[in-house]
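User: I've got a two-chain model open and I'd like to go through the labels people put on it. Can you take me through the reasoning?

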Amino acid sequence: MIGFVTTPEISVLVTQAISDAQTSRGLPIFWLLVGVLICSGNHAGMHFIPADDEILSTPLRGNPVLTPRDFPEFNTIIDSLGGLDARIDIPATDIIP
Amino acid sequence: MNYSLSNMLGGGFVGGLDPSAKAYINAVVAAGATVTGAQRTAINNFIKAEKDASRYTLIKRLYLPIWGIAAANAIDMVTQSSGTFVGGVTHAAGYIQGNGSTGYFNTNVTPSTLSQTTSSASLTALITQAPSGVGAVTAIGSIDGSDTTKLLEFSHLSGTAIIFRAMSISASGAVQAVVSRASQVGIFVSSREGGDRRIIQRLTSGVSTLVNTTGANAGTVPVTGTYQMLRSGFGGGAAYSDGRYGFFAASLGQTLSQSQAFSLNVKTLWETCTGLTLP
């Protein structure tokens, strides 16, 4: 699974920022990335935020289609995680309690 | 930011429709989906048929995730409230599909809030492609933490069965039927109504009652949100589904005849709106 490994504290802030990007536009919170606790492996205790290219290209709204990348907050949020190149691939088994 | 104000505030004018259908269509259009005339008619006919048959008041949440965009797929047909997609979910024309590891949908409402009870609860899922593998994954469900006396779910069991657990992981509250994983497709209506517990399956070829039995009430209604493609409260990656789903519903208990008629109405709605055919 491709995504960001970060601290639980930053993970919560990222989820909140994505939430705020929707509510600040008067929208319901219809899409989120939520950090999952890594239970085993080299990053146990950290949070994993899934963020492969397909997830980051999710069609959020239509006419025209908008993906997460089309929101101005996207770069700020990704930068807070170290940029797209900071993503790593971890085994799915690492997040299974 | 290339963002259409009309998409945020508007939605196309929809006239001559049932008020519930009109409200849903307007919400979907406001989310940026295109709703054709045929789709509008199908949605209107579906809701009117449910109302005419006095089933609509039983239905608490309906999701028709066929629009190819998350905002529209997240809208409940009954209340126009929005759930939340999380992680990796594909939004295709006609269905959504979890990635089996991080993707799910949170309805943001609990069975308790929906007035589902130990003697009256129903879950429906339209499945166009069964989850891969043979591991146990949930189509729609809720559980309080890991308390197996406080859960409500319709799931693909490990191996070759499907199961409806109504406030009990086993015993009288749970009913299951042997169905090979590849055949776990079509419309499944699982219901607990009075003393009855049953699962029916509708395919293009017809409708079958997979299991129909009676049992005493057990357990407690969950107060955790109902998820799709994952059972809430279970945690980790063990129960994520990568199946394809075109419709979900949460309602009060239905009789057998109500479930059969409801599933036929859902079939007509989904097939008309998508141009696809139920397996």
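**Labels and what backs them**

User: Let's start with Ala31(B). What does Ala31(B) touch, leaving out residues up to four places away in sequence?

Analyst: Keep in mind that this is a predicted model. Contact here means C-beta atoms within 7 Å. By that test Ala31(B) touches Ile69(B), Ala71(B), Ala72(B) and Ile75(B), plus Arg61(A) and Gly62(A) from chain A.

User: And which residues touch the most other members of the largest nonpolar core?

Analyst: Ala31(B) again, along with Val28(B), Ala125(B) and Tyr245(B), in a core of 86 residues. Helix α2 of chain B, residues 19-30, supplies the largest share, with seven residues. Another core lies apart from it, with 14 residues, including Met46(A), Phe48(A), Ile49(A) and Ile55(A).

User: What makes those residues a "core"?

Analyst: Membership takes a buried residue of a listed nonpolar type, joined to others through C-beta atoms within 7 Å. Val28(B), Ala31(B), Ala125(B) and Tyr245(B) are members of the 86-residue set, so they meet that test. As background, nonpolar side chains tend to be buried together in soluble globular proteins.

User: Why is chain B called compact?

Analyst: Its radius of gyration is 17 Å, and the globule rule gives 19 Å for 279 residues; those are close, so chain B is as compact as a globular protein of that length. The C-alpha atoms fill a box of roughly 50 × 40 × 35 Å along the principal axes. Of the 279 residues, 55% count as buried. Among contacts between residues at least 6 apart in sequence, 63% join residues at least 24 apart. The secondary structure of chain B comes to five helices and 15 strands.

User: How do you know that strand β6 of chain B is mostly covered?

Analyst: Buried means 20 or more other C-beta atoms within 10 Å. Eight of the 10 residues in β6(B), which spans 120-129, pass, so "mostly covered" fits.

User: What makes β6(B) a partner of β11(B)?

Analyst: Two strands pair if there are at least two bridges between them. β6(B) and β11(B), residues 186-193, have eight, so they pair, and the sense is antiparallel. One of the bridges sets Ala125(B) against Phe188(B). β6(B) also runs antiparallel to β15(B), residues 244-251, with seven bridges. There, Leu123(B) stands opposite Ala250(B).

User: How many residues are in contact between the chains?

Analyst: On chain B, 28 residues are in contact with 29 residues of chain A. The elements giving two or more residues to that side of chain B are α1 (5-9), α4 (70-73) and β2 (84-86). By class, the side has 12 nonpolar, 16 polar and no charged residues.

User: What makes β2(A) and β2(B) count as paired across the chains?

Analyst: The threshold is at least two bridges. Strand β2 of chain A, residues 31-32, and β2(B) have two, so they qualify, and they run parallel. Leu32(A) has Val86(B) as its bridge partner.

User: Why are β3 and β5 of chain A called edge strands?

Analyst: They belong to an open sheet of four strands, ordered β3-β4-β1-β5, with antiparallel pairing. β3 (36-37) and β5 (88-89) each pair on one side only, and that's what the label says. β3(A) meets β4(A), residues 47-50, over two bridges, with Leu37(A) partnered by His47(A). Helix α1 of chain A, residues 8-23, lies across β1 and β4, at about 30° to β4(A).

Methods. Residues numbered from 1 in each chain as written. Chains lettered and ligands numbered in written order. Predicted model: local features only at pLDDT ≥ 70, side-chain atom pairs only at ≥ 80, totals over all residues. Buried ≥ 20, exposed ≤ 12 C-beta atoms within 10 Å, placed from the backbone. Contact = placed C-beta atoms within 7 Å. Nonpolar A, V, L, I, M, F, W, Y, C, P; charged D, E, K, R; others polar. Rg over C-alpha atoms; globule rule 2.2 N^0.38 Å. Axes fitted to C-alpha atoms, helices over the stretch in contact; angles between N-to-C directions.
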